[in-house]
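Biologist: Please take a close look at the nonpolar residues of this model, beginning with the interior and ending at the surface.

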Amino acid sequence: MHYESPIREPLILEDKTLHDITEDVARPIEGKANKWWWALFLFALAAFLWGAGCLAYTAGTGIGVWGLNKTIGWAWDITNFVWWVGIGHAGTLISAVLLLFRQKWRLSINRSAEAMTIFAVVQAGLFPIFHMGRPWLAYWVLPLPNNFGSLWVNFNSPLLWDVFAISTYLTVSLVFWYMGLIPDFAMIRDRAVKPMAKKIYTILSFGWSGKAKHWQRFEELSLVLAGLATPLVLSVHTIVSMDFATSVIPGWHTTIFPPYFVAGAIFSGFAMVQTLLLVMRKVVHMEAYITIKHIEYMNIVIMVTGSIVGVAYITELFIAWYSGVEFEQYAFLNRATGPYWWAYWAMMTCNVFSPQFMWSKKLRTSIGFTFFISIVVNIGMWFERFVIIVTSLHRDYLPSSWTMFSPTFVDIGIFVGTIGFFFVLFLLYARTFPVIAQAELKTIVKSSSSQSKNKSHE
Amino acid sequence: MSKKVIYGIYDDDDVILKAVKDIRAKGLNIDEVYSPFPIHGLDHALGLKPTRLAITSFIYGCTGLFLGMLMMWYMMIEDWPMIIGGKPNFTFVENLPAFIPIGFELTVFFAAHLMVLTYLIRCKLYPGSTETSPDPRTTDDMFLMEVEAHGNEAEIIALIKETGAVEVKEEKIA
């Protein structure tokens, strides 16, 4: 059996029994939404509809409605794409990497973090598809023979690697998430009283009954999927970074990009998990499961990955100087002191400076401060991608074509729309899905709950 | 002849784990155990064979890698070779570094999805299946042991009670 020292802080508070966990997880699903939920939902829905309108306008008119120009061909769209993919990474990290490391604290947060991953990757996928200009031809990125002969897609292009990486990542995350959901849907099904709910959860639970052989296979499946998802999540952001790193643009052409992007992805993803869970634990009353200890652990991850990102920024500067390449040197000098200095220093402040507050135990266990920092990090990581993309492009090899980028209302509208879409999905999820992997959480009631800890003191 | 099945319901995973060991030591066969969460060591106690799911996943992964490489070889080398960036790429080996990312992604894609399908098929899990455990409380906080009786009901019931079951039920099956 899993043994845990009584000194270690409990992961489940308030002396919850197995049945209490069932009740607590089922309550948001069986109860009615409060007015806060409706307010947030309608607000997010409005943003989503606005974004959908902007996307329709883009598809109907062409990407000329964005602020792109002949010097800056990638701007907000790719910034948003990388930002959303990065946010997705924390979910897989929590569910897969922490499973391999046997970190039991993942159990209260993995379900919501994985949901966040899937919803974030959905947002990310929208940007490259609409950037194609003719999104109805998006299937051309698949290796299909074209109408004119046997010309195929270019397998030497990192953009095509991205197609495979993102679609593998989205679908594998989805099945990983769903396999874990099946036993929890079965729990909801077995206690549903309304006929409609019973019917829906019967279909969703795939006829799960909790047989010993099924559990044995379930555990093996989870372990192997975690083993597959771990290198997968590292590969996805590595490949995203190669979209830049394999080009010959100063500021992009650096070998440090893969590890630096992966660390940044985890950093921003954990910040988004904090933003979502700090609100969710209050709204659906999960304070006993998503405890201060969980928040503290996540803050430590944010602090470590934020510092890794900081080291990467400084290494980039050093290598630019050390390389002796004047274009490379100018690209970095221009980032820090050029017309986009404010974006660069916003990035530095939000990503390198702000997580250092987490060295203080008092601050990293404070809910209000954590929420504040999580928002700051989300903003900072958006600026990081903006700085990498726009400042590297806006002053290219030909000074006569140097220019600035200014977003149009469509650029802004689509970005706001994806945030709305993300929250629409997350809010619907919070009301209809078991937000905690209750079946797996029940396995640690005897070892890590406050109740068991008190018992071992007696 | 009508068969009878005995359900022993427990409220603690350690108790049912011990009960399974004790009852099997007496030479009785336990047909099934339903539980709300995986119980560590239960598969050994029940004498279940280890699952081969991981092995299938490995085979699927190798298949994915092979098919991915075959696809890229056919499209980029055999059917329509292209010069990209002026670099030599007319043989598979010369172009191999560029094939590694997609080869890896397809390995994971095949290994994960086909393993999940295998799992669903082997466990007979599918949307529309209405199977449930004999007692709905087994997805909440109860643990159920199912033993088929062949005229020895009294002995089984006594044994199950002795091992700490909180409830014992008897049911006829056709």
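Modeller: The account below proceeds from the nonpolar cores to a nonpolar patch on the surface. The model is predicted. Its largest nonpolar core comprises 186 residues, and those with the most contacts inside it are Trp84(A), Phe155(A), Tyr119(B) and Met145(B). The element that gives the most to this core is helix 5 of chain A, spanning residues 158–191, with 18 residues. From chain B, the core draws at least three residues from domain 1 (3–50 + 135–173) and at least three from domain 2 (53–122).

Met145(B) merits separate attention. When its neighbours within four places in sequence are left aside, Met145(B) is in contact with a set of chain B residues, among them Ile6(B), Tyr7(B), Tyr10(B), Ile16(B), Val20(B), Ile23(B), Ile30(B) and Val33(B). Gly8(B), Ala19(B) and Glu32(B) also belong to that set of contacts. A second core, separate from the one described above, has 6 residues, including Val5(B), Ile9(B), Met142(B) and Leu144(B).

As a general background, nonpolar side chains in soluble globular proteins tend to be buried together. At the surface, however, Leu40(A), Val279(A), Val283(A), Phe371(A), Ile375(A) and Ile379(A) make a nonpolar patch of about 430 Å². Two elements of chain A, helix 8 (257–283) and helix 13 (367–394), give two or more residues to this patch. Helix 13 of chain A supplies the largest share, 3 residues. Ile375(A) lies in that helix. Because its relative accessibility is 33%, Ile375(A) counts as partly exposed.

How values were computed. Residues numbered from 1 in each chain as written. Chains lettered and ligands numbered in written order. Predicted model: local features only at pLDDT ≥ 70, side-chain atom pairs only at ≥ 80, totals over all residues. Heavy atoms only, no water. Core = buried A, V, L, I, M, F, W, Y, C linked by side-chain atoms within 4.5 Å. Buried < 20%, exposed > 50% of the residue type's maximum accessible area, 1.4 Å probe, protein only. Helix = DSSP H or I, 4+ residues; strand = E, 2+ residues; numbered from the N terminus. Domains from an automatic or database assignment. Contact = heavy atoms within 4.5 Å. Patch = residues over 30% accessible without salt bridge, like charges linked within 9 Å, V, L, I, M, F, W, Y side chains within 5 Å. Areas by Shrake-Rupley, 256 points an atom, 1.4 Å probe, with all protein chains shown as cover. Salt bridge = Lys/Arg side-chain N within 4 Å of Asp/Glu carboxyl O.
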